[in-house]
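Thank you all for coming. I would like to walk through one chain this morning, going sheet by sheet and then helix by helix, and I will try to keep each statement tied to something you can check on the screen.

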Amino acid sequence: MTNSIEVKDLTLNFGAVSVLKNMNLNVAEGEFVVLLGPSGCGKSTLLNCLAGLLEITDGQIFIKGKNVTWAEPSARGIGMVFQSYALYPQMTVRGNLSFGLKNARVPRDQIEAKVARAAEILQIGPLLHRKPAALSGGQRQRVAIGRALVRDVDVFLFDEPLSNLDAKLRSELRVEIKRLHAKLGNTMVYVTHDQIEALTLADRIAVMRGGIIQQLAAPQEIYNRPANLFVAGFIGSPS
Ligand code: ADP
Ligand code: MG
C-alpha cells in the first residue's frame with residue numbers, strides 16, 4: 001500500500017528544548033491514525049509540522065510521495081481542524097465554508113456545489129445562513145470539519161476536535177467522524193489525549209510521550225500487548 005504520509009527522522013526544537021525527537025511515522029493511504037498521549041507530549045507540534053505551520057529543525061516530510069518539508073501549508077493537500085473551531089465570527093456558515101475556495105479563485109458554481117455537498121454530508125444545510133455565534137458547539141465543529149471537506153484534501157488533520165464538547169456530543173460526533181472517514185476514505189491523523197476516543201476511532205494508535213512514539217499499533221494490540229509500562233498505564237487508566 002502507498003504511504004500517504006511519511007515522516008523521516010523528524011526533529012523539532014523550540015530553542016534549546018527538543019519537542020519532537022528523531023521521529024519516524026508512516027501513515028497508509030486511507031488510514032485513520034490517532035496520536036494519543038498526555039498534554040505536552042508534542043501531539044499538536046507534530047500536526048503543525050505536517051500542516052506546514054511550523055518549520056522543522058531536521059528530517060523530512062513526504063505527502064503522497066512528494067517531499068513537502070519546505071512546502072507552503074496550502075500546497076500540501078492537507079485540511080486541518082482545530083479544537084477551537086477557528087471560524088470567522090462575522091461570516092455566515094456559508095461564508096466560512098466558501099472563504100478559502102474564493103481565495104483560491106475556484107469558480108462560483110463549483111464553490112456552490114462543494115458547499116452543498118459538505119453541508120449534506122455534515123447535515124448543516126439548515127444552518128448555512130447563520131453566524132457562528134448562533135450555533136452550538138457541536139454545530140460549530142461540524143462547520144470546522146466542513147471547511148476542510150470543501151477543499152477536497154487527501155489528508156485530514158484533527159487536533160482534539162471534540163475536547164470542548166460535553167460527553168454526549170463527543171460520543172455522537174465520534175460516530176460521525178467515523179462515518180465520514182468510511183464515506184470519504186481519506187487519510188486521517190487525529191490527536192487526542194482521550195483513550196476511549198483513540199480506541200474507538202483508530203486503525204492504529206501512536207502512543208506518544210516526551211516527543212517520542214512509544215508504540216504504534218492497532219488498538220487491540222496496544223491494549224493487549226503494551227510495549228512498556230508507560231503505554232500500559234496510559235491506556236489502562238480511565239480518562
Ligand atoms: P500536546 O499537543 O501534546 O499537548 P504540544 O505539541 O502543544 O503538546 O507541546 C509540546 C511541548 O512543546 C510542550 O512542552 C510545550 O510547552 C512546548 N511548546 C509548544 N509550542 C511551543 C512554542 N511555540 N514555543 C516553545 N515551546 C512550545
Ligand atoms: Mg495539543
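Let me begin with a definition: a residue is called buried here if 20 or more other C-beta atoms lie within 10 Å of its own. I should also say at once that what you see is a predicted model. With that cut-off in mind, please look at helix α1, residues 43–51, where K43, S44, L46, L47, C49 and L50 are buried. The general background is that an α-helix has 3.6 residues a turn, so residues three or four places apart point the same way. Just after α1 comes G52, and its phi is positive, near 85 degrees.

What does α1 lie across? Helix α1 lies across β1, β2 and β4, the last of these being residues 58–63, and it runs at about 120 degrees to β1. Those strands belong to an open sheet of four strands, whose order is β2-β1-β4-β5 and whose pairing is antiparallel. At the edges we have β2, residues 17–28, and β5, residues 66–67, each of which pairs on one side only.

Going through that sheet pair by pair, strand β1, residues 3–14, is joined to β2 by eight bridges, and the two run antiparallel; within this pair, V7 has L25 of β2 as its bridge partner. On to the next pair, β1 and β4 also run antiparallel, here with five bridges, and T11 stands opposite D58 in β4. Finally, β4 and β5 are antiparallel with two bridges between them, and in this pair F62 stands opposite N67 of β5. The hairpin of β4 and β5 has two residues between the strands, and in it K64 takes a positive phi near 50 degrees.

Now to the other sheet. This one is open as well, with six strands in the order β6-β7-β8-β3-β9-β10, and its pairing is mixed. The edge strands are β6 and β10, residues 212–217, each pairing on one side only. From one strand to the next, the twist averages 15 degrees.

Let me stay for a moment with β6, residues 78–81. As general background, in a regular strand the side chains alternate between the two faces of the sheet. In β6, I78 and M80 point one way while G79 and V81 point the other way, and all of them are buried. Strand β6 pairs with β7, residues 155–159, in the parallel sense over four bridges, and the bridge partner of V81 in β7 is F158. In turn, β7 pairs with β8, residues 187–192, again in the parallel sense and over five bridges, with F156 standing opposite M188 in β8. Helix α4 packs on this sheet, where it touches β6 and β7, and its direction makes about 170 degrees with that of β6.

That brings me to the helices that meet α4. The axes of α2, residues 93–103, and α4, residues 137–149, come within 8 Å and cross at roughly 25 degrees. An angle under 35 degrees counts as roughly parallel, and therefore α2 is roughly parallel to α4. The crossing of these two helices is right-handed. On the α2 side the residues are V93, N96, L97 and G100, and they meet V143, G146 and R147 in α4. Sorted by class, this contact has three nonpolar, three polar and one charged residues.

How do α3 and α4 lie relative to each other? The axes of α3, residues 108–122, and α4 come within 9 Å and cross at roughly 140 degrees, and the two helices are therefore oblique to each other. Their crossing is right-handed. Helix α3 contributes A118, A119, I121 and L122 to the contact, and α4 contributes R142, I145, G146 and L149. By class, these residues divide into six nonpolar, one polar and one charged.

I will end with a single residue, T192, which is found in strand β8. Is T192 buried or exposed? It is buried, because 25 other C-beta atoms lie within 10 Å. If we leave aside neighbours within four places in sequence, T192 is in contact with V34, L36, E160, E197 and A198. The C-alpha atoms of T192 and N3 are separated by 22 Å, with the two residues 189 residues apart along the chain.

Conventions:
Residues are numbered from 1 along each chain as its sequence is written. Chains are lettered from A and ligands numbered from 1 in the order in which they are written. This is a predicted model: local features need pLDDT of at least 70, side-chain atom pairs count only at pLDDT 80 or more; totals for chains, interfaces and linings use all residues. Axes are lines fitted to C-alpha atoms, for helices over the stretch in contact, and angles run from 0 to 180 degrees between N-to-C directions. Angles under 35 degrees count as roughly parallel, over 145 as roughly antiparallel, 65 to 115 as roughly perpendicular and the rest as oblique. A crossing is left-handed if the near helix is turned anticlockwise from the far one by less than a right angle, and right-handed if clockwise. Two residues are in contact if their C-beta atoms, placed from the backbone, lie within 7 Å. Ala, Val, Leu, Ile, Met, Phe, Trp, Tyr, Cys and Pro count as nonpolar, Asp, Glu, Lys and Arg as charged, and the others, Gly among them, as polar. A residue is buried if 20 or more other C-beta atoms lie within 10 Å of its own, exposed if 12 or fewer, and partly exposed in between; C-beta atoms are placed from the backbone. Two strands pair if DSSP finds at least two bridges between them.
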